[in-house]
Amino acid sequence: MAEVAIDVEGLRKRFKDVTALDGVDLVAPAGTILGLLGPNGAGKTTAVRILTTLLPPDAGTARVAGLDVVRDAAALRSQIGLAGQYAAVDENLTGFENLDMVGRLYHLGRGPSRERARELLERFSLTDAADRLTKTYSGGMRRRLDLAAALVARPPVLFLDEPTTGLDPVSRLQLWETIEARVAAGTTVLLTTQYLDEADRLADRIAVIDHGRVIAEGTPDELKDRVGGERLELTLEDYEDEPAAIEALAPLADERPKCDHGILVMPMDKSRADIAEAVRRLDDAQVGIADIAIRRPTLDDVFISLTGHAAEPAEEEDAEQREEAAA
Amino acid sequence: MSSLAYVVADTAVIAKRNLLRIPRQPDLWSSFTIQPIIFVLLFVYVFGGAIQTPGYDDYVDFLMPGIIVQTMSFGGFVTAIGLSDDLRKGLIDRFRSLPMARSAVLGGRTLADVATNTVSLVVMVGVGLLIGFNFSSTPLEVIAGFGLLLLFGYAFSWVFAFVALISKSPEGAQTLGFLVIFPLTFASSAFVPPESMPDAVEAFAEANPFSTVVDAARALFVGAPAGNDVWAAVLWSLGLIVVFAALSVHRYRRAVSS
């Protein structure tokens with residue numbers, strides 16, 4: 001397999017009146033996770049659809065596992081796995097039947113396909129539900145099955161389009177751990193997400209995408225440095241304590257804590273040792289604390305700091321539908 | 001494996017998948033069992049008394065071949081709804097991302113729908129016999145008639161596969177399907193003799209391939225004069241299959257789920 005698993009240059013795609021991708025460059029070395037971070041309609045899904053041979057680009061080149069997504073589309077399909085945001089499993093089949101069908105369509109052969117299906121059901125804790133129709137599955141179980149289907153042929157490159165959107169926190173964490181295990185085993189992953197914490201947790205590198213362009217690219221730490229990291233928010237019991245609180249906490253932070261309407265905000269270092277120290281200092285200064293919260297930067301914070309405006313959902317999906325209707 | 005072997009194997013996998021789904025979707029059954037029965041009862045006991053069918057002692061003998069042809073074409077709705085559903089739920093995206101034969105999803109779908117059409121056929125023949133229909137041709141002709149009807153039903157599955165692929169939703173596919181199929185089935189020789197229609201409609205009905213297939217079924221089931229209808233019906237069916245299979249597979253390659 002190529003050293004660079006995903007190599008995209010100048011990718012463009014236009015749907016009638018909307019430009020979904022406006023010259024996108026992406027690189028993912030083999031065995032890493034590339035996070036594509038952006039709001040709804042930024043172009044993430046269009047990029048995934050092009051890279052998985054579902055949609056031809058208007059311009060630019062894209063190579064996945066060393067194969068061109070247009071010229072070598074047929075050969076490429078045996079090298080990739082796709083799990084979509086809609087959890088594309090057949091709800092009138094059982095979990096086992098779904099995976100077995102996918103295995104057969106990857107041409108694994110009857111025996112190996114069944115064996116692989118059982119193995120994956122086991123690994124995704126779906127063995128007990130293996131012979132139940134998937135329409136009886138919970139949302140989290142469907143996502144797990146969808147991801148398992150993407151892994152059937154042990155593809156070297158995996159595309160996950162918003163794999164955790166709409167999942168409860170426990171299922172989300174389980175899915176993250178599964179993805180990390182795949183990457184540890186050498187798989188390359190392109191993951192799209194609207195959640196900064198997800199990209200932060202999983203991705204080796206993140207490309208922030210907005211209106212079809214990559215507006216920032218780097219490691220999670222590099223991006224967070226540009227955005228500012230986690231902040232500690234302390235709600236004071238009494239507004240009048242504001243000056244005392246600021247004085248007490250000033251030595252802890254590089255920049256002076258800000259206070260507004262009795263809510264004091266200060267940057268926090270990664271170790272979180274600050275929290276205990278801050279509480280101790282406020283206690284010593286006899287400042288009462290009504291509430292304590294850690295605020296993590298959100299996608300909106302990233303966008304505000306990179307573009308000056310909040311993340312706005314654009315019309316990518318709608319445009320795609322209109323395009324097809326017009327064709 | 002050669003690519004032809006892949007086409008056969010992948011089509012079989014998809015056909016099996018669609019067959020497995022049939023008993024698990026009882027809400028779909030009414031469209032290919034109860035609805036055609038209601039049509040039969042409606043025409044025999046409500047409209048039948050007012051319809052003159054010269055050369056037939058009983059309206060039911062005139063009606064049954066026609067209404068079975070209509071039922072076969074309506075079998076296309078099963079194809080359209082199933083395919084539309086797969087598109088909407090993103091399953092088609094998954095299939096298109098797999099290294100499987102490009103024609104297999106549609107080929108497997110339409111093949112499996114021959115099974116639902118067979119069930120419809122059995123139900124219709126059973127109901128017909130119960131309310132007084134008689135086959136008055138040789139057993140061989142009757143069997144040939146069943147074969148022709150299933151071939152025609154298969155052709156309409158391809159027509160409706162294309163309808164589903166150009167529609168935005170199962171509802172849209174159904175509406176478009178009805179717009180195509182109602183004029184075709186009713187302005188034909190299926191329910192009333194075309195001679196009873198106004199000239200322009202009669203001309204349409206005579207040229208309508210539906211009439212050709214209905215007349216062929218009448219020839220094979222009740223010994224009506226056949227002319228070239230049987231061969232013409234076979235050719236029409238094969239022609240529809242070739243044209244709509246090509247159109248559908250072309251469309252499938254670039255299908256987009258909504």
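Modeller: Ground rule before we look: two strands pair if DSSP finds at least two bridges between them. Helices (H or I, at least four residues) and strands (E, at least two) are DSSP runs, numbered from the N terminus. This is a predicted model, where local features need pLDDT of at least 70 and side-chain atom pairs count only at pLDDT 80 or more, while totals for chains, interfaces and linings use all residues. Residues are numbered from 1 along each chain as its sequence is written, and chains are lettered from A, ligands numbered from 1, in the order in which they are written.

Biologist: Fine. What makes β3 and β8 of chain A a pair?

Modeller: 5 bridges join β3 (residues 33–37) to β8 (residues 188–193) in chain A, and pairing asks for at least two, so they qualify. The two strands run parallel. A:Leu37 in chain A stands opposite A:Thr193 of β8(A).

Biologist: Which sheet holds them, and in what order do its strands come?

Modeller: An open one of 6 strands in chain A, ordered β6-β7-β8-β3-β9-β10, with mixed pairing.

Biologist: Why are β6 and β10 of chain A called edge strands?

Modeller: Because β6 (80–83) and β10 (213–218) of chain A each pair on one side only, with pairing judged by those DSSP bridges. Neighbouring strands of the sheet are turned by 15 degrees against each other on average, direction ignored.

Biologist: How do you know that helix α6 of chain A packs on the sheet?

Modeller: By its contacts: α6 (residues 169–184) touches β3, β7 (157–161) and β8 of chain A. Contact means that two C-beta atoms, placed from the backbone, lie within 7 Å. The helix direction makes about 150 degrees with that of β8(A); axes are lines fitted to C-alpha atoms, for helices over the stretch in contact, and angles run from 0 to 180 degrees between N-to-C directions.

Biologist: What makes up the side of chain B that touches chain A?

Modeller: The elements giving two or more residues are α1 (3–21) and α6 (91–97) of chain B. The largest share, 6 residues, comes from α1(B). Overall, 21 residues of chain B are in contact with 26 residues of chain A.

Biologist: And what is chain B built from?

Modeller: 12 helices and 0 strands. Chain A, by comparison, comes to 12 helices and 14 strands.

Biologist: Why does the radius of gyration of chain B agree with a compact globule?

Modeller: The rule is 2.2 Å times the number of residues to the power 0.38, over C-alpha atoms. With 258 residues that gives near 18 Å, and chain B has 19 Å, which agrees. Its C-alpha atoms fill a box of roughly 60 × 35 × 35 Å along the principal axes.

Biologist: How many of the residues of chain B count as buried?

Modeller: 48% of the 258. Buried means 20 or more other C-beta atoms within 10 Å of a residue's own (exposed is 12 or fewer, partly exposed in between), with C-beta atoms placed from the backbone. For chain A, 44% of 327 residues make the cut.

Biologist: What makes something a nonpolar core?

Modeller: Buried Ala, Val, Leu, Ile, Met, Phe, Trp, Tyr and Cys residues joined through C-beta atoms within 7 Å. The largest has 151 residues, and those with the most contacts inside it include A:Ile6 and B:Phe152. Its largest share, 15 residues, comes from α8 (residues 139–165) of chain B. A second, separate core has 12 residues, among them A:Leu232 and A:Met266.
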